[in-house]
Amino acid sequence: MFKCPNCGASVSIKEKSKLHPSKHMPCKQCAQVLKSFTIYYYSLFFIAPFTVSISMNYAGFSTLGAMVLSFTLFYVLLVCQPIKKVTQ
């Protein structure tokens, strides 16, 4: 998740947390162009509202608590998504 699939160098959380589906990030060690899986970006837009709805209606969270839970889940899924090499 946080390693380059080519050389195994670490990829920073700051680089992975930028929300740009078409943005490519270069590996600092081997200069391989890396890209996050775009399916994760689009699925997150459905996960966040679903989490707010379920946590407010069924778990009894307040609005603020539901938003914090949703944002936390959204951010964890965004940062922990796998990365792949860009084929050109």
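What do the buried residues of H2 pack against? The close-ups below work through that and a few other spots; keep in mind that this is a predicted model.

**View 1. Helix H2 and what its buried residues pack against.** Here's the reply to the opening question: the buried residues of H2 pack against strand E2 (33-36) and helix H3 (63-79). The buried residues to look for are Tyr-41, Leu-44, Ala-48, Thr-51, Val-52 and Ser-55. Leu-44 is worth a second look, since H2 bends by about 30° there. How does the span of H2 fit its residue count? With 20 residues (38-57) at 1.5 Å a residue, helix H2 should span 28 Å, and its end C-alpha atoms are 30 Å apart, which agrees.

**View 2. Helix H3 and its cover.** Follow H3 from end to end and you get 24 Å between its end C-alpha atoms, in agreement with the 24 Å that its 17 residues should span at 1.5 Å a residue. Its buried residues are Ala-66, Ser-70, Phe-74, Leu-78 and Val-79. What covers them? The cover includes helix H1 (13-16) and H2.

**View 3. Ser-70 and Thr-51, where H3 touches H2.** Two residues with hydroxyl side chains, Ser-70 in helix H3 and Thr-51 in helix H2, are picked out here. Is Ser-70 buried or exposed? Ser-70 has a relative accessible area of 6%, so it counts as buried. Thr-51 is buried too, with a relative accessible area of 12%. Leaving aside neighbours within four places in sequence, Ser-70 is in contact with Ala-48, Thr-51 and Val-52. Going by the same rule, the contacts of Thr-51 are Leu-69, Ser-70 and Leu-73.

**View 4. The sheet, strand by strand.** Three strands make an open sheet in the order E1-E2-E3, with antiparallel pairing. E1 and E3 are the edge strands, each pairing on one side only. On one side of E2, strand E1 (residues 25-26) pairs with it over 2 bridges, and Pro-26 stands opposite Val-33. Strand E3 (residues 83-85) pairs with E2 over 3 bridges; there, Ile-83 is the bridge partner of Ser-36. In general, strands of a sheet pair through backbone hydrogen bonds, either parallel or antiparallel.

**View 5. The E1-E2 hairpin and the two faces of E2.** Between the strands of this hairpin sit 6 residues, and Ala-31 takes a positive phi near 65°. Now for E2 itself: which of its side chains are buried? Leu-34 and Ser-36 point to one face and are buried, while Val-33 and Lys-35 point to the other and are not. That's the textbook pattern: in a regular strand the side chains alternate between the two faces of the sheet.

**View 6. Two separate nonpolar cores.** The largest nonpolar core has 7 residues: Cys-4, Ala-9, Val-11, Met-25, Cys-27, Leu-34 and Ile-83. A second, separate core has 5 residues, among them Tyr-41, Leu-44, Ala-48 and Phe-74. Back in the largest core, take Val-11 as a way in. Leaving aside its neighbours within four places in sequence, Val-11 is in contact with Phe-2, Lys-3, Cys-4, Lys-16, Met-25, Leu-34 and Ile-83.

**View 7. Aromatic pairs.** How many aromatic pairs does a search of the whole structure find? There are 2. In one, the rings of Phe-45 and Phe-74 have centres 6.5 Å apart and planes at 55°, so the pair is tilted. Phe-45 lies in helix H2 and Phe-74 in helix H3, so this pair ties together parts that are 29 residues apart in sequence. Phe-74 counts as buried, at 16% relative accessibility. The pair of Phe-71 and Tyr-75 is stacked, with 6.2 Å centre to centre and 20° between the planes. Those two residues are 4 apart in helix H3, which means about one helical turn separates them. As for their surroundings, Phe-71 counts as exposed at 54% relative accessibility, whereas Tyr-75, at 35%, is partly exposed.

Methods
Residues are numbered from 1 along each chain as its sequence is written. This is a predicted model: local features need pLDDT of at least 70, side-chain atom pairs count only at pLDDT 80 or more; totals for chains, interfaces and linings use all residues. Side-chain values use heavy atoms; hydrogens and water are left out. The expected span of a helix is 1.5 Å times one less than its number of residues. The bend at a residue is the angle between axes fitted to the seven residues ending there and the seven starting there. Buried means under 20% relative accessible area, exposed over 50%, partly exposed in between (1.4 Å probe, protein chains only). Contact means heavy atoms within 4.5 Å. Two strands pair if DSSP finds at least two bridges between them. A nonpolar core is a set of buried Ala, Val, Leu, Ile, Met, Phe, Trp, Tyr and Cys residues joined through side-chain atoms within 4.5 Å. Rings of Phe, Tyr and Trp (its six-membered ring) pair if their centres lie within 6.5 Å; planes under 30 degrees apart count as stacked, over 60 as edge-to-face and the rest as tilted.
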